[in-house]
Amino acid sequence: MAPTPPGTAAPYPADDAPFAPSAPVPAPDASGDGRLSATVERLRGEVRAAHAAAEGRALIELAKGVIVERLGCGPAQAARQLAELADRAGLSRLELAADIINQAARDRMAEAADAFVRTAVAEPDATAPAASVAVRLRTAESAALSAGDTQAVAESLLRHALEPLGAVAVAIWTTGPDASLSLRGHAGFGPDEAARWHYVPPGVTTAARQALTGRRTVRYPSLAAAGIPSIGRARHPDGGRVVVPAGTGGRIHGVLEICWARPLDPLPQAVERQIEALAELCAHTLEALPEASPGGFPPADGDGATALAELSDGLYDPALVLTPHLDEAGRLVDFRIRHANAHFQDPAGRPRGSVDGALLLEAYPATAGGSELFDRIERVHATGEPFRARRVRLTALVDEVPLASLADISITRCGAAVLLIWRVEDESARLASLLQHAQRLGRVGAFEEDVVTGEITWHGQLFELFGRRPTEPPVALRDLAAHAHPDDAATIRRFLQKVLYQRRVGSAAFRMLRHDGVTRHIRVTAEPALGTEGGLQSVRGAYQDISAQHWTEVALTATRDRLAATEEAAEERNRLTLQLQHAIMPPAKPPLDAPGLDVAVRYRPAESESLVGGDWYDAVVLPSKKVLLCVGDVAGHGVEAATGMVVLRNALRGLAVTGAGPGQLLSWLNSVAHHLTAQVTATAVCGIYDPGSRTLRWARAGHLPPVLVRGEEAVDQPLLRGLLLGALAEAEYEESELLLEPGDTVLMYTDGLVERRDTAVHDSVAHLLTVARQPSDSLERRLDQLLARSKSDTDDDTCVVGVQVS
């Protein structure tokens, strides 16, 4: 025998004793707990050895039975024959027994063992010893078939067949009629983990569900990397998984999920054949379990076809009962029509009994085409998950010509049989229903009047429009004026002249006066129908209630009139506001009489008159010969903002006469904004310039600080502490003093100069400093450059005050 690769265990010894304990019993320590633990471990080992011996004896007895059948000898002679053949071949009786069973069975287990032997010869580094593969697979099969429940099957598969492949855990899932998953057996997972995963509802994506819905083997080199939840993921987060549907005859009974502790490399084809054989073994085991009946169905008896046939006969919709048709290899190739109920109508016109017993693809070849109906039936049969859909296109071939119709489909499995129900949609009835709904929603009623016989046909909707009972006679076209407002008589007369005498399509709108006192606005449209001799035969047309449209138009006209008046009032309001602002804040200010100081201002109003704001500036020489410099911005637009601006500007002028510093002035101005105005809030920066010492004391209230331009440098001043005006009843404002040199320029501005919707404030200020650094031959020129190169896009007012020391 080949040596066992690292990481695998040789499950069977080579002598005639089929199994032995897998691990030595540890020596007990001196304590009582240690002796008890050693005793428990020894007993466990003995139990494992007993199970292994029993499983090995089962294979040997089965091989002896094959010899008895082939040679016609007795059991004792068969035992001697088995021992002699094993000695000649240099094999143990267990290995020879597995070879004999493989040769006699020639099933998937034998194919898997043969494939592994061929691979092991070509690839010496195969996953497990070639000589033990047949023993492992046959022992696993024997233990599974003799096990009393699926839990024992899972433990046997892991111990005998999967642990030598490096697997650490296995789970066997069964599928419910609603495509749910139930954990029927597991090994290698803790009891708490198994309890949490005992049931997986439909629609929850897990590794087992991926294999079930895809009906194929799914491999995950690392379950955590795939992001798929499943049992044992927390214990082996980087472990690989192989998940195989366990099915027979095209029907999936469950799912076999195998877990490795480490990431999984691609498996050799021989190992994959082993896993597929184990999945088929699980399928045969699960097939013997009782299946839960779908909702409303009787318990499945046999293949379930009898129960479904009885159920289909009680339905009012066409139904077929289908059973799987397998080929010689046991693969599903078609479905046989076992029963068609009394409401079944063959699309090709054949008698109902002619399709009983026929194969589905032979009777209706187009079901395998674009409709994908056969794939749906196959999927329901495989997974048990019901399928329902509305307005599916059914296709049948009649004399090689495809005929299609729309139908509501329902496919359900019971046992091994499938029930196909469909309700074919009547196209003409559906169109008639749609027309009725359209007439009801549009409040339209059709009519036809025979002008020769006088017979009138009304749509039911017309009786409701005219306020007449269905038992009352319809209203003739010639009598229409009697049911209309007198002012509309001329309109109706012209309509009748055009239709009845000029024989052209006509339309008219009039007010109908109903007997119940309700007035309706009605539009009538009619066209003449001529007879064979060219004379007028009949008139067809429709009435429509347009009352809602009429009153909507009236309301819309009134709204337009009010909107026009409102727009005119708003334009007048904005014009007065703009005049007020320009009267107080002219775009330019006359030269200021301040020795040693050049002062210039710029004011640019908003482009839109509706955005007239509250930006303001001031530059005035105080009685103390000091100069008050300030800019501010009142929140909001319109008359309220302009009025607040006037109040704050004039209040600051009056307070500055006291000789107080800028911080104190802003504190008083905050009280004015909070108490003496209608809750005005504003930002401002205020400075007092002393020509004697060339110092500028300044403070800010939530406003951007001034900019100092000295030579070729331009820097903004620090953000002093100061809350915006009007926010609180009392506030204190920090002051700073700036000593100016001849040639220095100080700029104060509002945010309309720099503010952009897509740019941070500090980036906009950096652009302003770049423009301010550029040389200029005068202060006026510098302010013009600032306005011309501003990148602001908020369409807000802009104020700039500049002072230059001479």
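How do the residues of the lining of the largest cavity divide into nonpolar, polar and charged? The legends below come back to this in the third view, after a look at confidence and at the sheet concerned.

**View 1. Confidence along the chain of this predicted model.** Let us start with how far the coordinates can be trusted. The chain has an average pLDDT of 77, and 71% of its residues score at least 70. Among the elements, strand β21 (residues 695-701) has the highest mean pLDDT, 96, while helix α4 (residues 108-122) has the lowest, 48. Residues 1-25 have a pLDDT below 50, and the model gives this stretch 46 contacts beyond near neighbours in sequence. Residues 117-131 also stay under 50, with 25 contacts beyond four places in sequence. A friendly word of caution fits here: where pLDDT is low, the predicted coordinates should not be read in detail.

**View 2. An open sheet of six strands, with helix α10 lying across four of them.** Follow the strands in the order β3-β2-β1-β6-β5-β4, and you will find the pairing antiparallel. At the edges stand β3 (199-200) and β4 (218-220); each has a single partner strand, so one side of each lacks a neighbour in the sheet. Within the sheet, β5 (residues 241-248) and β6 (residues 251-260) run antiparallel and are joined by eight bridges. To find your place in this pair, look for Arg241, which stands opposite Cys259 in β6. Helix α10 (residues 269-287) lies across β1 (167-175), β4, β5 and β6, and runs at about 45 degrees to β5.

**View 3. The largest cavity, with β5 and α10 each giving two or more residues to its lining.** A search of the whole structure turns up two cavities of 30 Å³ or more, and the largest has a volume of about 40 Å³. Its lining consists of Thr217, Arg219, Val242, Val244, Leu267, Glu272, Ile275 and Glu276. Helix α10 gives the most to this lining, with three residues. Here is the answer to the opening question: the lining of the largest cavity holds four nonpolar residues, one polar and three charged.

**View 4. An open sheet of five strands, with helix α16 packed on it.** This sheet has the order β13-β12-β16-β15-β14, again with antiparallel pairing. Its edge strands are β13 (456-458) and β14 (506-513), each with a single partner strand, so one side of each is left without a neighbour in the sheet. From one strand to the next, the twist averages 20 degrees. Helix α16 (residues 489-501) touches β14, β15 (519-530) and β16 as it packs on the sheet, and its direction makes about 145 degrees with that of β14.

**View 5. The pairing of β12 with β16.** Zooming in on two strands of the five-stranded sheet, we see β12 (residues 444-450) and β16 (residues 536-545) running antiparallel, joined by seven bridges. A handy landmark is Ala446, whose bridge partner in β16 is Ala542.

**View 6. The second largest cavity and the residues that line it.** This cavity holds about 30 Å³ of space. Which residues line the second largest cavity? They are Phe466, Arg468, His483, Met512, Leu513, Arg514 and His515. By type, the lining of this second largest cavity divides into three nonpolar residues, two polar and two charged.

Conventions. Residues numbered from 1 in each chain as written. Predicted model: local features only at pLDDT ≥ 70, side-chain atom pairs only at ≥ 80, totals over all residues. Heavy atoms only, no water. pLDDT = per-residue confidence, 0-100. Helix = DSSP H or I, 4+ residues; strand = E, 2+ residues; numbered from the N terminus. Contact = heavy atoms within 4.5 Å. Pairing = 2+ DSSP bridges. Axes fitted to C-alpha atoms, helices over the stretch in contact; angles between N-to-C directions. 1 Å grid on protein atoms, 1.4 Å probe; cavity = no way out; pocket = protein on both sides within 12 Å on 5 of 7 lines; lining within 4 Å. Points joined across faces, edges and corners; volume = space filled by probe spheres on them. Nonpolar A, V, L, I, M, F, W, Y, C, P; charged D, E, K, R; others polar.
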